[in-house]
Amino acid sequence: MITTKLGKFGKIVIYQYGKVGSSSIGVNLCEWLKCKFPGTTMKIQSRYPKVVHIHDPKILQDIIDNHSSPTNPLLIINATRNFYHRQISEYFQQHKNRENIKTMTMPELGSSLLENKIYRLNDWYQRFEKQLKFDLEPFDYQNHYSLTNSKNKHITVLLVRLEDSKIWPKIFSNLLHPKLTFKKRSNLSKNCWYGDKYNQFKKYFIYPEDAVAKLADSDTHQRYYQDLDKLDIDLPIST
């Protein structure tokens, strides 16, 4: 069992939609627990490590159904990120053709991004709650996290935002363990093979107004980014 300030858990599952700093969370959890970070689990397993990093709801369901119980509870850590930045980061990481990325002009990259199903996650948290069979607690904008316990104490969900990552050491040490210091970072877009083009694009691109409105209407933004205009970040939108 993993002993934390929130209680004891059989596993910690980092479940999210990607490009939200989740690999950094996993690396630092494993640093604390003295285990090897397994990367992203892509298939249902007969056994899972104590720290599991996933995007697939089918794998989450398998862990809930077959690898946890009221006597072997589950801590789910979910990280989120504003979609204006996240969709750009995902676009570059998921692009199939490296040579295309290197040769495409800024306008070509912008058009390609907007054709890249950037609204497919707009109801992600509704689907997550349906799978959990309980509602997540509202985001605490003062303490910068949301913490939800299921009625039978079988599942606990801790939700954090990438934009608050500078205070993740405080959040995680206060809630889980003082040795969670978050000294390591992992899978940063600026350090990936597309880093130079990614940084150039971020300086160039501005979302059109209709895209801004559709992303703002997502449940991610409606629930967790009511303070977006107060955050100390440069957004690729017109003000």
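Ser68 is buried, with a relative accessible area of 11% (buried means under 20%, exposed over 50%, partly exposed in between, using a 1.4 Å probe and protein chains only). That's our way into a predicted model, where local features need pLDDT of at least 70, side-chain atom pairs count only at pLDDT 80 or more, and totals for chains, interfaces and linings use all residues. Residues are numbered from 1 along each chain as its sequence is written, and side-chain values use heavy atoms, with hydrogens and water left out.

**Exercise A: the serine in the loop**

Work out where Ser68 sits and which polar partner its side chain finds on another side chain.

*Solution.*
- Place it: Ser68 belongs to the loop that links α2 (57-66) to β5 (74-80). Helices (H or I, at least four residues) and strands (E, at least two) are DSSP runs, numbered from the N terminus.
- List the neighbours: leaving out residues up to four places away in sequence, Ser68 touches Ile63, Leu74 and His154. Contact here means heavy atoms within 4.5 Å.
- Pick out the polar pairs: the Ser68 side chain is 3.0 Å from the side chain of His154, a polar contact, and it also reaches the backbone oxygen of Ile63 at 3.2 Å. A polar contact is a pair of N or O atoms within 3.5 Å; within protein, one must be able to donate a hydrogen and the other to accept it, and residues adjacent in sequence count only if both atoms are side-chain atoms.

**Exercise B: what α2 hides**

Which residues of α2 are buried, and what do they pack against?

*Solution.*
- Begin at the start of the helix: a side-chain oxygen of Asp56 comes within 2.8 Å of the backbone nitrogen of Lys58.
- Go along α2: the buried residues are Ile59, Leu60, Asp62, Ile63 and Ile64.
- Look at the partners: those buried residues pack against β3 (11-15), β4, β5, α6 and β7 (155-161).

**Exercise C: two helices crossing**

How are α3 and α5 oriented to each other, and which residues meet?

*Solution.*
- Get the geometry: α3 (residues 83-94) and α5 (residues 106-114) pack at about 105°, and their axes are 10 Å apart. The axes are lines fitted to C-alpha atoms, for helices over the stretch in contact, and angles run from 0 to 180 degrees between N-to-C directions.
- Classify it: α3 is therefore roughly perpendicular to α5 (under 35 degrees is roughly parallel, over 145 roughly antiparallel, 65 to 115 roughly perpendicular and the rest oblique).
- Name the contacts: Gln87, Ile88, Tyr91 and Phe92 of α3 meet Leu109, Ser112 and Leu113 of α5.
- Sort them: this contact comes out as five nonpolar, two polar and no charged residues. For the bookkeeping, Ala, Val, Leu, Ile, Met, Phe, Trp, Tyr, Cys and Pro count as nonpolar, Asp, Glu, Lys and Arg as charged, and the others, Gly among them, as polar.

**Exercise D: one-sided helices**

Where around the axis do the buried residues of α5 and α9 fall?

*Solution.*
- Take α5: Met106, Leu109, Gly110 and Leu113 are buried. Down the α5 axis they fall within an arc of 100°, so they line one face of the helix. The arc is that of the directions from the helix axis to the C-beta atoms.
- Recall the rule: an α-helix has 3.6 residues a turn, so residues three or four places apart point the same way.
- Find the cover for α5: what lies over its buried residues includes α3, α4 (98-103) and α8 (195-204).
- Turn to α9 (residues 209-216): Ala211, Val212 and Leu215 are buried. Their arc is only 105° around the axis, which puts them on the same side of α9.
- Add its partners: the buried residues of α9 pack against α3, α5 and α10 (219-224).

**Exercise E: odd phi values**

What is the phi of Lys34, and what is the phi of Lys133?

*Solution.*
- Know the background: most residues other than glycine have a negative phi.
- Read off Lys34: phi is positive, about 55°. Lys34 sits in the loop between α1 (22-33) and β4 (51-54) and is exposed at 74% relative accessible area.
- Read off Lys133: phi is positive, about 70°. Lys133 is in the loop between α6 (124-132) and β6 (146-149) and is exposed at 71%.

**Exercise F: the leucine in α1**

Is Leu29 buried or exposed, and which residues does Leu29 contact?

*Solution.*
- Locate it: Leu29 is in helix α1.
- Check accessibility: Leu29 has a relative accessible area of 0%, so it's buried.
- Collect the contacts: apart from neighbours within four places in sequence, Leu29 is in contact with Ile12, Ile14, Val51, Ile77, Leu176 and Leu180.
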